[in-house]
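Me: I'd like to learn how to read a structure like this one. Could you take me through the features one at a time?

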Amino acid sequence: MKKFGLTHALILIALLTLSLAPRVIDGFLDLKSATRFEVAGNEVEAAQAYASAALRIPWMPSLWEQAGMKAYQAGDVENTIGFLNKAVELQAISKWGWLSLGSAYLERGELALAIKAWQEALPLAQAYGELASAQRSMGNIAKAIETWRAGIALEPESVPAHYAL
């Protein structure tokens, strides 16, 4: 029986490189397309291109958040939730991503999930406002006031927070 030697290992590495290279190249082409669509103001196509790039370039999980944010800007609630949840799974979501995820859940009528997302978005001042409004709509006025006050402490010049309080 022949042993697996250095030559065999090099051949295997070369074959793997040749088989994976097109996928990675396509991923970077998708990323370039996403940027081009974004500059042109085509949020729908940008979201899809970022998602395609994220599938092909797995070591760049933040692309899922970019796809979700573009989908949100395009008004595509379902893709926003799907893409941002993928970013959550990969622990590649920012506070702004959580804020958008909460807003998308609210648009879909899922208030409890929206609240959870907005709690993750804290300490963004806008997250306090969204969270307090949700608490008020649920009838929890005392908690809403507490949340608005926390937001005002963070951003004392916030006119919407003072008005809401």
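Me: How many helices and strands are there in the protein chain?

Reply: Keep in mind that this is a predicted model. The protein chain has nine helices and zero strands. Going along the sequence, the pattern reads α-α-α-α-α-α-α-α-α.

Me: What share of the residues counts as buried?

Reply: A residue counts as buried when its relative accessible area is under 20%. Of the 165 residues in the protein chain, 35% fall into that group. As for the outside, the chain exposes about 9900 Å², and carbon and sulfur atoms supply 62% of that.

Me: And contacts along the chain, what do they say?

Reply: Take the contacts in the protein chain between residues at least 6 apart in sequence: 39% of them join residues at least 24 apart.

Me: Let's move on to charges. How many salt bridges does the structure hold?

Reply: The general idea is that side chains of opposite charge can pair when their charged atoms come close. This structure holds seven salt bridges. In one of them, the side chains of aspartate 30 and arginine 56 meet, at 2.6 Å from N to O. That pair links distant parts of the chain, with aspartate 30 in helix α1 and arginine 56 in helix α2 (residues 43–56), 26 residues apart.

Me: Is aspartate 30 buried or exposed?

Reply: Try the cut-off on it: aspartate 30 has 15% relative accessibility, so it counts as buried. Its partner, arginine 56, has a relative accessible area of 30%, so arginine 56 is partly exposed.

Me: Which residues does aspartate 30 touch, not counting those up to four places away in sequence?

Reply: Aspartate 30 touches Ala49, Ser52, Ala53 and Arg56. On its own side, aspartate 30 has its place in helix α1, which spans residues 6–40. The meeting with arginine 56 also shows up as a polar contact between the two side chains, at 2.6 Å.

Me: Which residue forms a salt bridge with arginine 108?

Reply: That's glutamate 78, and the closest N and O atoms of the two are 2.7 Å apart. Arginine 108 lies in the loop between α5 (95–107) and α6 (111–121), while glutamate 78 is in helix α4, so the pair ties together parts that are 30 residues apart in sequence. Arginine 108 counts as partly exposed at 34% relative accessibility, and glutamate 78 counts as partly exposed at 48%.

Me: Where do glutamate 89 and lysine 86 lie?

Reply: Both lie in helix α4, three residues apart, which is about one turn of the helix. Their side chains meet in a salt bridge with an N to O distance of 3.9 Å. Exposed means over 50% relative accessible area, so glutamate 89 counts as exposed at 58%. Lysine 86 is partly exposed, with a relative accessible area of 30%. Elsewhere, salt bridges that share partners join Glu38, Glu43 and Lys70 into one network.

Me: Now the aromatic rings. How do I read a pair of them?

Reply: A pair of aromatic rings is described by the distance of the centres and the angle of the planes. The structure holds one aromatic pair. The rings of tryptophan 64 and phenylalanine 83 have centres 5.9 Å apart and planes at 45°, so this pair is tilted. Tryptophan 64 lies in helix α3 (residues 62–73) and phenylalanine 83 in helix α4 (residues 77–89), so the pair ties together parts that are 19 residues apart in sequence.

Me: Is tryptophan 64 buried or exposed? And is phenylalanine 83 buried or exposed?

Reply: Tryptophan 64 is buried, with a relative accessible area of 9%. Phenylalanine 83 is buried too, and its relative accessible area is 9%.

Me: What sits over the ring of phenylalanine 37?

Reply: That would be the charged end of arginine 36, at 5.3 Å from the ring's centre.

Me: One last residue: where is the place of tryptophan 148?

Reply: Tryptophan 148 is in helix α8, which covers residues 141–154. With 5% relative accessibility, tryptophan 148 counts as buried. Look at alanine 132 as well: it is 16 residues from tryptophan 148 along the chain, and the C-alpha atoms of the two are separated by 5.9 Å.

Notes: Residues numbered from 1 in each chain as written. Predicted model: local features only at pLDDT ≥ 70, side-chain atom pairs only at ≥ 80, totals over all residues. Heavy atoms only, no water. Helix = DSSP H or I, 4+ residues; strand = E, 2+ residues; numbered from the N terminus. Buried < 20%, exposed > 50% of the residue type's maximum accessible area, 1.4 Å probe, protein only. Contact = heavy atoms within 4.5 Å. Areas by Shrake-Rupley, 256 points an atom, 1.4 Å probe, with all protein chains shown as cover. Polar contact = N/O pair within 3.5 Å; in protein donor to acceptor, adjacent residues only side chain to side chain. Phe/Tyr/Trp six-rings, centres within 6.5 Å; stacked < 30°, edge-to-face > 60°. Lys NZ or Arg CZ within 6 Å of the ring centre and 35° of its normal. Salt bridge = Lys/Arg side-chain N within 4 Å of Asp/Glu carboxyl O.
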